[in-house]
Every structure is written in C-alpha cells, then in structure tokens.
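Colleague: Please put the model on the screen, and then let us go through it bit by bit.

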Amino acid sequence: MDSPATRRDFLGLALGAWATTAAAGAAAAAGVSLWPREEPPATARVGKSALKDGRATGSLRGVPFVLVAAPAGPLALSLVCTHARCLVKWNEGERRYVCPCHRGTFDAEGRVVSGPPPAPLKRLAVTDAGDAWEVTG
Ligand code: FES
C-alpha cells in the first residue's frame with residue numbers, strides 16, 4: 001500500500017505536468033512560443049588593415065568565418081563544414097577549403113568540390129563600414 005506522502009508526491013507531479021501542458025497549449029493557441037524561435041543575427045567587424053594576403057578570420061557567436069577580399073567584392077564564409085560541422089581550413093596549394101574530418105573540399109567561393117558535404121559553406125552578408133567590413137550572419 002502507498003504511503004500518503006508518496007500519493008501526495010504523485011499528485012503534485014501530475015498536477016505540475018498538467019499545468020505545464022495547459023500553459024504550453026494556451027500559448028500555442030495564442031500564437032506565442034514559450035521559447036525564442038531564432039536568435040537575431042550577429043555582426044562582427046573586421047578591420048580592413050587586418051587582412052593578410054587578402055584574408056582575415058573572425059567569429060560570430062563563437063563560430064569562425066573567413067573574410068576574403070575577392071576581386072568581385074568581399075566574400076565571407078562560415079568555416080563550419082556542412083557535413084558534420086568540423087572546421088575547414090584554407091589550403092593555398094590546393095586553392096580549396098579542406099575539411100580534416102572526412103576530406104570534404106570546397107572551392108574558394110565555398111562550393112562543394114568533393115567528399116560528403118551536402119551543401120556549400122554558408123555565405124555571410126558583408127557590408128562596407130569605412131575602415132572595416134561588417135559581417136552579419
Ligand atoms: S565533417 Fe567535413 S567532410 Fe565530414
């Protein structure tokens with residue numbers, strides 16, 4: 001036979017679960033999410049004087065990117081591989097970004113050249129802010 005304390009604990013838990021479900025249902029019915037849907041975009045500044053050989057790296061929320069001063073205009077790419085999120089590195093000899101995990105490769109504009117990555121490297125928005133580039137993503 002259950003002790004009164006155990007029954008009371010069970011009823012408390014059941015009531016708590018019911019209240020949580022009811023609150024989530026009411027919020028959903030009102031079109032409100034209890035959790036934020038998406039973080040707003042972050043912006044990083046990369047000083048134009050920081051470019052070495054036309055490249056500089058930075059990070060957005062701790063996620064590294066590369067900014068390249070390409071002839072057609074600045075290009076910013078996430079350095080996170082689209083296969084399993086390893087970090088790619090630029091290989092000057094191959095003129096490609098190479099992923100060390102499964103040897104996926106990407107061309108200078110982030111397009112998949114070989115290996116398992118299912119999508120190109122993510123492009124980030126770049127705006128000219130005078131003495132710096134602003135990278136947003
Ligand atoms: S994580 Fe980059 S190729 Fe698999």
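Colleague: Which residue does Lys 89 stand opposite in β6?

Modeller: Lys 89 stands opposite Val 98, and β5 is joined to β6 (residues 96–98) by 3 bridges, the two strands running antiparallel. Strands here, like helices, are DSSP runs numbered from the N terminus, with at least two residues of type E for a strand and at least four of type H or I for a helix. Before we go on, please keep in mind that this is a predicted model, in which local features need pLDDT of at least 70 and side-chain atom pairs count only at pLDDT 80 or more, whereas totals for chains, interfaces and linings use all residues. Residues are numbered from 1 along each chain as its sequence is written.

Colleague: Fine, and what order do the strands have in the open sheet of 4?

Modeller: The order is β5-β6-β7-β8, with antiparallel pairing, where two strands pair if DSSP finds at least two bridges between them. Its edge strands, each pairing on one side only, are β5 (89–91) and β8 (112–114).

Colleague: Changing topic, how many helices and strands does the protein have?

Modeller: There are 10 strands and 1 helix, and from the N terminus on the helix comes ahead of the strands, in the run α-β-β-β-β-β-β-β-β-β-β.

Colleague: Then what is the strand order in the open sheet of 6?

Modeller: That sheet has the order β1-β10-β9-β4-β3-β2, and its pairing is antiparallel. Its edges are β1 (43–47) and β2 (55–60), each of which pairs on one side only. On average, neighbouring strands are turned by 30 degrees against each other, direction ignored; the axes behind that are lines fitted to C-alpha atoms, for helices over the stretch in contact, and angles run from 0 to 180 degrees between N-to-C directions.

Colleague: How many bridges does β10 have with β1, and how many with β9?

Modeller: β1 and β10 pair over 5 bridges, in the antiparallel sense, and Ala 44 stands opposite Val 135 of β10. β9 and β10 also pair in the antiparallel sense, over 4 bridges; among the partners, Val 126 is bridged to Val 135, Thr 127 to Glu 134, and Asp 128 to Trp 133. The hairpin of these two strands has 3 residues between them, and Gly 130 there takes a positive phi near 80 degrees.

Colleague: Which side chains along β10 are buried and which are not?

Modeller: Trp 133 and Val 135 point to one face and are buried, while Ala 132, Glu 134 and Thr 136 point to the other and are not. In a regular strand the side chains alternate between the two faces of the sheet. By burial I mean that 20 or more other C-beta atoms lie within 10 Å of the residue's own, with 12 or fewer counting as exposed, anything in between as partly exposed, and the C-beta atoms placed from the backbone.

Colleague: Why does Glu 134 count as partly exposed?

Modeller: Because Glu 134 has 15 C-beta neighbours inside 10 Å, it falls in the partly exposed class. Leaving aside neighbours within four places in sequence, Glu 134 is in contact with Thr 43, Arg 45, Thr 127 and Ala 129, a contact being two C-beta atoms, placed from the backbone, within 7 Å. Glu 134 is also 6.3 Å from Val 46, C-alpha to C-alpha, although the two are 88 residues apart in sequence.

Colleague: And Gly 73 in β4, is that one buried or exposed?

Modeller: Gly 73 counts as exposed, because it has 9 C-beta neighbours inside 10 Å. The C-alpha atoms of Gly 73 and Val 126 are separated by 9.3 Å, with their positions 53 residues apart along the chain.

Colleague: Which residues have the most contacts inside the largest nonpolar core?

Modeller: They are Phe 65, Leu 67, Ala 76, Leu 77, Val 88 and Val 135, in a core of 18 residues; such a core is a set of buried Ala, Val, Leu, Ile, Met, Phe, Trp, Tyr and Cys residues joined through C-beta atoms within 7 Å. Two or more residues come from each of β3 (63–70), β4 (73–78), β9 (123–128) and β10 (132–136), and β3 gives the most, with 3.

Colleague: What does Leu 77 touch, beyond residues up to four places away in sequence?

Modeller: Leu 77 touches Phe 65, Val 66, Gly 110, Leu 121, Lys 122, Arg 123 and Leu 124. Of these, Arg 123 is also the bridge partner of Leu 77 in β9, and β4 and β9 run antiparallel, joined by 2 bridges.
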